Amino acid sequence: MSQFLSTLLLATAVVLTVCFGVAAWRLTDEKDIDVTGQIPRQSYGWKPTSRN
């Protein structure tokens with residue numbers, strides 16, 4: 001029984017990896033969608049005050 005569950009878990013992990021890989025590959029194929037989730041540089045962090 002334990003070997004069956006281990007095999008089932010491994011098969012499930014492989015199927016999910018393939019599905020998410022294909023989904024990410026298809027999303028990166030579209031040029032207008034950014035899947036990296038990068039935050040614009042000005043929207044976070046410390047901003048120095050101007051000394052004019």
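**View 1. Thr 17 in helix H1 of the predicted model.** Thr 17 lies in helix H1, and the model shown here is a predicted one. The residue is exposed, because its relative accessible area of 56% is over the 50% that marks an exposed residue. A polar atom of the Thr 17 side chain lies 2.7 Å from the backbone oxygen of Ala 13, a separation that falls within the 3.5 Å used for a polar contact.

**View 2. A nonpolar surface patch that includes Val 18.** Leu 10, Val 14, Val 18, Val 22 and Trp 25 together make a nonpolar patch of about 520 Å² on the surface. One of these residues, Val 18, is found in helix H1, which covers residues 2-29.

**View 3. The whole protein, as context for the close-ups.** The secondary structure of the protein comes to one helix and zero strands. Of the 52 residues in the protein, buried residues make up 0%, where buried stands for a relative accessible area under 20%. The protein exposes about 5500 Å² in total, and carbon and sulfur atoms supply 63% of that exposed area.

Note on methods
Residues numbered from 1 in each chain as written. Predicted model: local features only at pLDDT ≥ 70, side-chain atom pairs only at ≥ 80, totals over all residues. Heavy atoms only, no water. Patch = residues over 30% accessible without salt bridge, like charges linked within 9 Å, V, L, I, M, F, W, Y side chains within 5 Å. Areas by Shrake-Rupley, 256 points an atom, 1.4 Å probe, with all protein chains shown as cover. Salt bridge = Lys/Arg side-chain N within 4 Å of Asp/Glu carboxyl O. Helix = DSSP H or I, 4+ residues; strand = E, 2+ residues; numbered from the N terminus. Buried < 20%, exposed > 50% of the residue type's maximum accessible area, 1.4 Å probe, protein only. Polar contact = N/O pair within 3.5 Å; in protein donor to acceptor, adjacent residues only side chain to side chain.
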